[in-house]
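This report looks at cysteine pairing, at one sheet and at one lysine. Please read it with the sequence and the model side by side.

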Amino acid sequence: MRSDALAASSVFEANRARGVVRFDVHARDGVTRRGALHESGSLRVRFPSPEDKGLSGVFVNTAGGVAGGDRFDIEISAAEAARLTLTTAAAEKIYRAPGAAAQLNISLKVGAGAHLGWLPQETILFDRARVHRRFDIELDEAASLMLCEIVVFGRAAMGERMEQGEFVDRWRLSRGGRLVFAETIRLDGTIGAKLARSAVAKAGAAIGTALIVPGDEALVERIREASEAFAGEVGISAWNGFAIARFCAQDAARLRSDMMTVLARTGAALPRLWLN
């Protein structure tokens with residue numbers, strides 16, 4: 001029995017998805033161009049259409065989702081004055097994990113005068129999913145960033161709910177070589193029961209964060225002026241030269257609508273895939 005279990009474990013490990021995307025972009029004569037690109041495993045990035053000045057990229061996970069023990073690493077560098085917007089071809093699905101948690105590691109570097117928009121579609125966690133995600137972001141003092149993430153705990157439209165599992169989300173933001181934002185969120189065990197609490201999500205199934213650099217009180221006030229249009233709960237504040245908006249809603253559709261309202265107030269351009 002022990003040898004059979006070890007053999008099954010080895011087979012499981014051998015079938016785990018691995019994916020790496022690593023590339024840089026730079027500006028030349030006011031136009032952003034891709035530099036060196038490295039892809040391996042089941043993760044790809046495509047640049048579907050040229051733009052006047054900026055560059056857009058779309059991530060594709062050919063594994064069809066993320067399962068326990070999978071690992072995906074993304075490293076992106078935007079050089080001085082470059083403009084880059086990134087999204088995903090579809091919502092990313094995190095499936096149940098009987099063993100090790102999935103690992104998602106994202107490293108972003110943005111140079112002076114450069115702008116990076118990180119705007120993936122939703123991350124959907126199925127019941128008993130386990131995932132650890134990590135963002136490490138380094139910005140020049142004169143760089144700008146729009147980073148938005150939506151996490152959905154079960155597909156409400158399908159009558160599904162995430163009852164058990166693990167979600168660990170670690171964010172670190174440095175600006176001008178100084179750490180200005182650090183946060184780690186951990187939800188584990190009976191996630192469904194915890195989200196049902198009034199002080200957590202009041203039974204909401206979707207949460208989101210928008211990190212905006214630079215950000216100040218004037219931006220906060222512009223976003224608050226749209227509060228009557230929000231379908232869920234939205235809170236925003238600014239400090240250390242950036243603004244952060246928090247979202248909570250009963251389902252992904254309402255939260256996505258709120259996120260789009262906030263992005264419109266910032267002047268950010270939405271990826272075309274968000275509008276389909």
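A disulfide is taken here as a pair of cysteine sulfur atoms within 2.5 Å. By that criterion this model, which is a predicted one, holds zero disulfides. The table sets out the two cysteines considered, with the closest cysteine sulfur to each and the state of each residue.

| Cysteine | Closest cysteine sulfur | Distance | Relative accessible area | State |
|---|---|---|---|---|
| Cysteine 148 | Cysteine 248 | 16 Å | 1% | buried |
| Cysteine 248 | Cysteine 148 | 16 Å | 16% | buried |

Because the sulfur of cysteine 148 lies 16 Å from that of cysteine 248, the two are too far apart for a bond.

The sheet is an open one of seven strands, arranged with mixed pairing in the order E2-E1-E5-E8-E11-E13-E14. Strand E2 (31-41) and strand E14 (178-189) stand at its edges, and since each has a single partner strand, one side of each is left without a neighbour in the sheet. From one strand to the next, the twist averages 5 degrees. Strand E1 (residues 18-28) runs antiparallel to E2 and is joined to E2 by nine bridges; histidine 26 stands opposite arginine 33 in E2.

Is lysine 194 buried, exposed or partly exposed? Lysine 194, which belongs to helix H2 (residues 191-195), counts as partly exposed because its relative accessibility is 21%. Apart from neighbours within four places in sequence, lysine 194 is in contact with Asp188 and Val200. Leucine 179 is 15 residues from lysine 194 in sequence, and their C-alpha atoms are 30 Å apart in space.

How values were computed
Residues numbered from 1 in each chain as written. Predicted model: local features only at pLDDT ≥ 70, side-chain atom pairs only at ≥ 80, totals over all residues. Heavy atoms only, no water. Helix = DSSP H or I, 4+ residues; strand = E, 2+ residues; numbered from the N terminus. Buried < 20%, exposed > 50% of the residue type's maximum accessible area, 1.4 Å probe, protein only. Contact = heavy atoms within 4.5 Å. Pairing = 2+ DSSP bridges. Axes fitted to C-alpha atoms, helices over the stretch in contact; angles between N-to-C directions.
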